[in-house]
Amino acid sequence: MSRRGLRRWSLLSAALAFVLTGPAYAATPPPAAAAVVVEGRTETYRETQPVAPGVELSTVELYGPDGATGEPGWLQTYQMSVDLKAGVQIGRLFPGQVAARRPLLDMAREAGAIAATNADYFDIAASGAPWGVAVQDGELLQSPLPNTKATQTNQTAVMFSEDQIGAIGEIVFEGTVKLPGGTVPLDALNKAELLKDQIGMFTPVWGTYCRCHPVRGVARTIEVVVRDGVVTEVLDVPREGAITEGAFVLVGREAGADALSSLRVGDPVSVDYAVRAPGDMKVKAAVSGRQLIVADGKPLQLPPENNTPEPRTAVGFSADGTKMWLVAVDGRQPEFSRGVGLDELAEMMVKLGAHTALNLDGGGSTTLVVREPGQQQVDLVNRPSDAAGTRPVPTGLAMFLPKGSGKAKGFWVSTATERDRFPGPEAAASWRTERVFPGLTRRLTAAAYDETYGPADKPRNVRPQWRAGNGRVGRVDRDGVFRALASGETTVTAKHGKAAGDIGLTVLGPLARLETGTRRINLLTKDAQGTFEVNGADAAGYAAPIDPADVRLTYDKAALDVTPTGDGAFTVTAKAAEGEHVVTVTAGGVRTELVVGIGTSQDVVDTFDDTSNWDFWSLRATGTASSTPDGHAGNGLKLDYDFTQSTETRGVGIWPSANLLPVAGQPTAFKLWVRSEGHDQRTRLEVVDRNGTLHTIEPAFITEPGWQQITYDVPDGMAYPVSLRRIFFNEINPDARYTGTLVLDELTAVAAG
């Protein structure tokens with residue numbers, strides 16, 4: 001199958017490109033005859049690829065006003081359409097225990113999925129268990145509800161029947177416990193919360209997390225262990241630890257505890273439970289979400305608090321349940337994608353064709369993984385917003401296919417240079433790797449795929465034949481290296497036997513300037529490494545990455561070592577212990593320079609001898625900030641706090657009285673002396689760059705008592721100068737409730753060179 005028929009582009013007009021803010025090279029694709037307008041946003045880029053028979057993924061970039069705020073900005077969306085009758089099987093991912101979390105990518109690879117997205121909201125600050133229902137391969141692992149902690153969540157779930165029909169509706173749990181003296185209701189199965197007077201059941205699949213968590217703060221509780229239908233233990237306080245196979249545990253509170261209180265070791269106890277789905281559907285897989293956003297083909301209007309721009313995940317179905325749409329939207333990355341509110345997300349689902357749609361967990365949980373044609377396993381597609389990387393989650397929706405024949409049906413042709421830019425503190429639009437400048441090259445690869453779009457076997461000595469459609473625009477050699485000759489468009493085809501695939505390439509105007517992504521790299525010590533990219537732009541501002549093969553580097557080889565990474569970037573390694581060095585970058589007769597600083601210097605930002613320029617900050621806590629003579633060297637700043645007032649995440653810290661504290665130079669790190677009492681607390685420091693973007697630096701948890709110097713490493717490529725916004729400490733363990741004191745002293749900024 002030809003790739004030309006599978007991948008499509010929609011490009012922004014030159015007129016719009018002229019008025020966009022920010023660097024022209026990062027935001028202006030070549031002009032097209034007409035722009036596509038989607039609900040006030042203009043579609044600037046679209047790429048569509050097959051995932052499996054009946055499954056396609058479109059990566060769509062938009063620019064324009066936010067649907068709720070009206071503020072213009074970039075939006076990156078990933079839209080997957082799935083024909084549920086084309087052979088793909090839908091299943092649920094989970095880490096093997098209800099009260100556990102793992103990165104979606106790891107779970108999908110282990111399960112052999114061809115695509116997956118995150119699903120349910122979950123008990124993020126404690127057990128990690130999903131808030132909603134869990135049906136895995138036809139087995140109920142977790143009942144829907146009760147739930148008060150995840151607001152606006154009800155029994156609405158996304159479910160799939162044994163014959164692969166999808167639906168959104170309410171799954172109802174019904175259960176009973178048979179005791180020697182009669183029958184009482186069973187209210188929940190493997191849930192992270194029990195409501196007043198309820199009884200919950202826990203099975204081995206729950207895991208080891210403390211069963212006291214669902215009844216935290218309740219005065220009257222009970223735990224009953226039942227093995228082979230007979231009570232073996234009765235305890236007043238539920239506990240943690242694994243439940244043995246063949247056993248289950250009943251946990252009751254208030255009236256529920258009273259109902260179980262007469263049980264003694266040796267008493268017979270049995271349970272009976274089931275779920276009911278709409279239309280008596282035989283559910284093979286089910287997960288929950290939160291708000292219903294589309295009903296009867298119409299978008300639902302939600303309260304204003306649901307319409308802040310955020311990363312989002314959603315699932316929707318056609319009226320007959322035979323077609324599904326999965327959508328992930330990146331957010332909280334202003335230069336790349338701001339995110340959307342639920343009203344705009346609902347409009348998006350309706351435009352795709354959804355008759356019903358459900359909002360799934362978003363924010364830092366939004367994750368989409370997909371197998372590219374010809375590849376063995378899935379890779380991350382979107383850019384999760386969590387600073388720490390991909391967030392571990394407890395569940396996901398996944399797609400599976402039987403293994404294919406392995407016989408080549410086609411080639412998936414792509415560029416060796418990856419589309420994702422080298423990550424820095426500000427995510428930028430993906431590289432337009434299908435573009436190249438006259439006189440320069442683009443290395444292409446061809447992955448053979450079979451009828452499932454999975455990897456196809458081919459003899460090692462067999463290589464596809466390459467051909468360029470328009471020899472005036474460029475030529476391609478036998479190794480798949482395209483050399484651009486003149487501005488224009490062409491198609492490059494890879495073929496072997498009946499298997500073929502192609503890619504469209506655009507040759508821009510002559511190269512006019514070069515950029516290295518960042519103009520400076522700071523390497524603090526000998527052998528430290530940094531990474532930079534090389535991209536270019538023509539006179540009109542249209543940009544493309546430069547293949548490393550076309551780049552000539554001049555630098556002091558005694559002080560530095562610079563090597564290609566293999567995916568379009570370069571790694572620079574410090575061989576000297578200190579100094580400032582220049583890397584001269586040349587391509588296509590154009591030159592630029594990159595400065596590499598090695599070594600460090602430290603400047604004091606604040607000694608905390610005077611604390612009047614700092615204000616106290618707290619989250620779900622009370623306390624004070626004051627001066628103390630017991631600093632690390634002289635006076636320090638003392639934080640007294642009370643973390644007993646909540647079981648949710650609590651915090652204490654300081655911020656400048658003037659809101660922001662400017663920091664001179666280009667610090668690569670901040671260091672702070674902290675005296676702790678040994679509580680397991682997460683520490684964070686926030687800086688605002690010259691563009692007004694907030695960056696949160698999270699080095700580690702403070703676990704040891706006494707004085708320690710904490711290092712907050714500034715992300716590479718920071719837009720200097722920066723200002724300090726806040727320093728704070730969090731307690732995220734709901735079981736940890738205490739009062740305490742922290743002392744801060746001598747905040748310094750570390751600079752390279």
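**Two strand regions**

Let's start with one pair of residues: Ala134 stands opposite Val287, which lies in strand 19. Keep in mind that this is a predicted model.

Where does that pair sit? Strand 7, residues 134-136, and strand 19, residues 283-288, run antiparallel. Two bridges join them.

Now widen the view. Strands 7 and 19 belong to an open sheet of five strands. Read the order as 8-7-19-9-10. The pairing is antiparallel. Which strands stand at the edges? Strand 8, at 139-142, and strand 10, at 166-170. Each has a single partner strand, so one side of each has no neighbour in the sheet. On average, neighbouring strands here are turned by 30 degrees against each other, direction ignored.

Next, strand 53. It covers residues 681-688. How many of its eight residues are buried? Seven, so to put it plainly, the strand is mostly covered. 

Strand 53 has several partners. Take strand 57, residues 722-731: strand 53 pairs with strand 57 in the antiparallel sense, over seven bridges. Thr683 stands opposite Phe729 there.

Then strand 55, residues 701-702. Two bridges join strand 53 to strand 55, and the two run antiparallel. Look for Arg682 opposite Phe701.

Last, strand 54, residues 694-697. Four bridges link strand 53 to strand 54, again running antiparallel. Leu685 has Ile697 as its bridge partner. Strands 53 and 54 form a hairpin, with five residues between them. Find Gly692 in the turn: its phi is positive, about 85 degrees.

Conventions:
Residues numbered from 1 in each chain as written. Predicted model: local features only at pLDDT ≥ 70, side-chain atom pairs only at ≥ 80, totals over all residues. Heavy atoms only, no water. Pairing = 2+ DSSP bridges. Axes fitted to C-alpha atoms, helices over the stretch in contact; angles between N-to-C directions. Buried < 20%, exposed > 50% of the residue type's maximum accessible area, 1.4 Å probe, protein only.
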